[in-house]
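Reader: I'd like a close look at one helix in this protein, and how the rest of the chain sits around it. Could you walk me through it, starting from the overall picture?

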Amino acid sequence: MVKLPSTFVFLLIFLNAFSQYFSTGEDPARLKWRQISTVNFQLIYPESFETQAQKLANYFELVYRYGGESLNYKPRKISVIFHTHTVKSNGLVGWAPRRMEIFTPPHQATYGQDWLEQLAIHEFRHVVQVDKVHSQIPGIVKFILGEQSSALITGSYLPFWFLEGDAVVTETALGHFGRGRLPSFLMEHKAQVVEKGIFSYDKAFNRSYRDFVPDHYKLGYHLVGESRYHFGSELWSNAIDRAAQKPWSLTPFNRSLKQHTGLNQVQLYQTIFDSLRVVWKSADFEFNASNFEMIRNSGLSPFTNYIYNHVLPSGSIVTLRTGFDYIPQFICIYPDNSEEIIYTPGQIFEESVSFRDEWIIWSEHVPDLRWTHAGKSIIRLLNSENGQLKSFYPDYKAFSPAISPDKQYVAVLEVDFINNYYLSVYNLSSGTIKERFQSEDNNYFFSPVWINDSTLATIVLTRNGKELCLINPSLKKMELLSVPELWEIKQLFYYNGELYFINGYSGKDELWKISLSDLSTSRILEARFGQAYPAFENDGSLILSDYTANGYQLIRYLPESLKVNVKEEPKKESFQLAEFLSGQEQGSVDFNQSDTIRYNSTRYYKGLNLFKFHSWAPLVFDINSYDVQPGFSLNSQNLLGTAESTLGYKWNMSEKTGKYFVNFEYKGWFPIIKFEAEAGNRSSQYYEIQIFKNQYGEIIRQDTILKDFTWQERNVNLNIRLPLNLTMGPWFRYLQPELKYDVTQFTHNTSTPTGFTNGNMKTLSYRLYYHQILRKAYRDIMPNWGFAGDVSYRNTLNGDVDVGSLVAGQLHTFLPAISRNHGITLYAGYQQRVKGQKHSFGDVIRIPRGWSRMNSNILASFSAEYRMPLFYPDKNFGRWIYFRRVYSAIFGDHAWVSGDILRNGQIEGRFKKEITSIGIDLSADINLMRLYAPATIGIRTAYLPERNDYVFKLLFSIDFTSF
């Protein structure tokens, strides 16, 4: 928490653009890089990715022809960086510096189009959006701010739902698939509107702790897509133009909407969802549900999912429970309806849990020790009966593990570092590879299941979309099943000679089956909104996850209910909005017709590309302290995200002095090295006794006056730290040793007092930080378990100025409280300071809240705090403020302080003192001015018993991690 800054409104606008202005992390230092330069793109990639990069260069040039048509803009050339050693599946466009980043491995929840083709369309659309903003910004703004002007205006005036919704609309309109044709993507808003009604615009945009709110991708698809349907595609092109051309206006985006539709953002949202409600309510009225039994009802609690279901030989049900109040945990539901938590996994990859009798198997993400853009998959097996846990590391990123019927082998789907796709079989006992199958066309596979000990059924991605096939890895044989057109199929499940799967053919995720004897298909159940994760009990009853507005509930269909559910064959969903949007484009992107140009590639030298100056500003902004100072700053960040530089001049308004500064941080080696230097004047004041004499030289009066003085100060420091990510399972573990060398030189000016510090001051600081914290549920205010320890030592080296030494240690402990989402934190700190001649190190540990710091030698501090949510208002006051959660913290702090008693600079004795504060914080999680970054505001009231006094303080913070 920090005090509310005076530059409050400016910071809100500036920080809202922060999502476009950051480093995503670093690739392993061992990688060597190459580059391809086309007409419109610079592709930068690890050298092993050469073949894929050549293909993608052609893909991107093809997408360039279509991706900007509906916004009437062709963007400038842009760099594309490919992260190939990561286990993440993602893409993003960053600004300042402007670049696109592609995380190449696909994931198991993707739709029926090649992953890299999807990213090429979606991410290029973001390039079009922001570069169009840049082209329309007044020249004076670009002259003053550089590239960050585009990020500033995009982040401030274009809502996230528009940026992502427009990109989803584009990926849908320019292809035959896209998320606009994905039933699971569309069902969340349908369920919400039908069961809970239309949320307010601010709740739909800013999210909620009370109700599940679909994300801005889904909200944006409906708003952008339906608006294009009703008002034409030029609506959004004009909205971008006005937002960029009128940066001085507070609401240029709203004004453009009002001009072209007669509606502002709120009215447009309400109008579109009023129309959708009529359609969705009508469809829901026609739905007739079969009889089922409720096993776990998500509607009785905050948003909760029960997914990945299995019936154990004992008849108990295993499922993965997630939700607002729960971190992901495997639970066992016994026949008497009682339940037990049997295991808490780590970060599970999507669609990567399966079962065999008493065994649960899944694939989870293990981050790399040092490199953000690296990592591993680990396959874990849990015996639900005796708790036995086995693990092994596959060779590459691995999804969807499946145990063979004889329990000797595990089949997994793997992706290597150059996007070769495999169905691999590992020996279960040794974790060694047995077989690795790759199709002739390098098809991507989904959801493997064993049919027998030698053959698997799986979903394969072809140019026609997703299809079913049988694979015998030992014989290197793949057979496509000649099945009538399906659509978005997933979650294969083999039972009694038939293959069950979830199919989006009707526009909803529903349970289907195919007979492997005659390849006949049929729908088993009609869904209200969507179904998932089927499992059969011994008597033929069906366990299923059924989607509601409060999450996937767990239900059971008895055998007789399944028999009477047979109905006429469903009609294929036409996805009318998606087809209309496609008709607004100049054509679709047919990647089969892309060029096969072989581009010249060259070495990309990391050492020669450390600097890319992209932005500047007539101020200096510290992102850590929210401090803004007048001056000038020039910013650089290289494309690989390993080197960041800032240089300039900053003016200290309180001292009325200025400093030149340069900062450079390099993260491309195993340790991170940071260099900082400053040089300039400092100023202060001192009291002087002025004597007045008469004509006889007699003292007639003396006054104490305040005199100004300045001195020159130069500072250079070198910081070396080693951030080590030790995260495993549900525990976030982080270790960082750190070393800092600091040299400061003081030089007198003519006004500097004789006794003021002069010469060099050299210090060395050592620090070791470690934390181990259990991941939080969405509504948890703090972790339920964990601790963070921090020890440091600072001392003076040989120099002219002695500042003594300081040793300190701190420990934060997190404990569960009496109720869910409540939390207790305990803090203990100790420091011992040896003072120098005139100066000493500043305090490291906390002191009781409300007290000012004291000049101590020994300081020991302890505090206890209890935090609890009070209510979730989901209430907005116009467009200015939206309240998501109000919570309180009750605290008690106590410290033991001892130090020197000084008189005229001499030590006369020692003092010992105990200080205490008892108080309460009342805080609220909010969004201000409809800016996407969530903020927290509050007020602290502390009682200080030793002074019999009350202290009040305003609290304010912004959460950057939400982007």
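**One helix and its surroundings**

Author: Let's begin with the chain as a whole, keeping in mind that this is a predicted model. For 963 residues, a compact globule would come out with a radius of gyration near 30 Å, and the chain has 32 Å, so the two agree. Laid along the principal axes, the C-alpha atoms fill a box of roughly 125 × 60 × 55 Å. Inside that box the chain runs through 14 helices and 48 strands.

How much of it is tucked away? Of the 963 residues, 57% count as buried. As for the contacts with a separation of 6 or more, 57% of them link residues 24 or more positions apart. The accessible surface adds up to about 40,800 Å², and carbon and sulfur atoms hold 52% of that.

Now to your helix, α7, which covers residues 183-196. From its first C-alpha to its last, α7 reaches 20 Å, close to the 20 Å expected for its 14 residues at 1.5 Å a residue. The rest of the structure largely encloses α7, because 11 of its 14 residues are buried. Going along the helix, the buried ones start with Pro 183, Ser 184, Phe 185, Leu 186, Met 187, Glu 188 and His 189. Ala 191, Gln 192, Val 193 and Val 194 complete that buried set.

What do those residues pack against? On the helical side, the partners are α6 (160-173), α9 (216-231) and α12 (265-285). The buried residues of α7 also pack against strands β23 (489-495), β28 (542-548) and β29 (551-557). Just after the helix comes Gly 197, with a positive phi near 90 degrees.

For a loop to set beside the helix, try Thr 86, which lies between β3 (78-83) and β4 (90-94). Thr 86 counts as buried too, at 3% relative accessibility, where the cut-off is under 20%. Its side chain reaches the backbone nitrogen of Lys 88 at 2.9 Å. Leaving aside residues up to four places away in sequence, Thr 86 touches Phe 103, Pro 105, His 373 and Ala 374.

Since you work at the bench, a word on cysteines. Cys 332 is buried at 5% relative accessibility, and Cys 469 is buried as well, with a relative accessible area of 1%. A disulfide is a covalent bond between the sulfur atoms of two cysteines. A search of the whole structure turns up zero disulfides.

Methods. Residues numbered from 1 in each chain as written. Predicted model: local features only at pLDDT ≥ 70, side-chain atom pairs only at ≥ 80, totals over all residues. Heavy atoms only, no water. Disulfide = S-S within 2.5 Å. Buried < 20%, exposed > 50% of the residue type's maximum accessible area, 1.4 Å probe, protein only. Helix = DSSP H or I, 4+ residues; strand = E, 2+ residues; numbered from the N terminus. Polar contact = N/O pair within 3.5 Å; in protein donor to acceptor, adjacent residues only side chain to side chain. Contact = heavy atoms within 4.5 Å. Expected span 1.5 Å × (residues − 1). Rg over C-alpha atoms; globule rule 2.2 N^0.38 Å. Areas by Shrake-Rupley, 256 points an atom, 1.4 Å probe, with all protein chains shown as cover.
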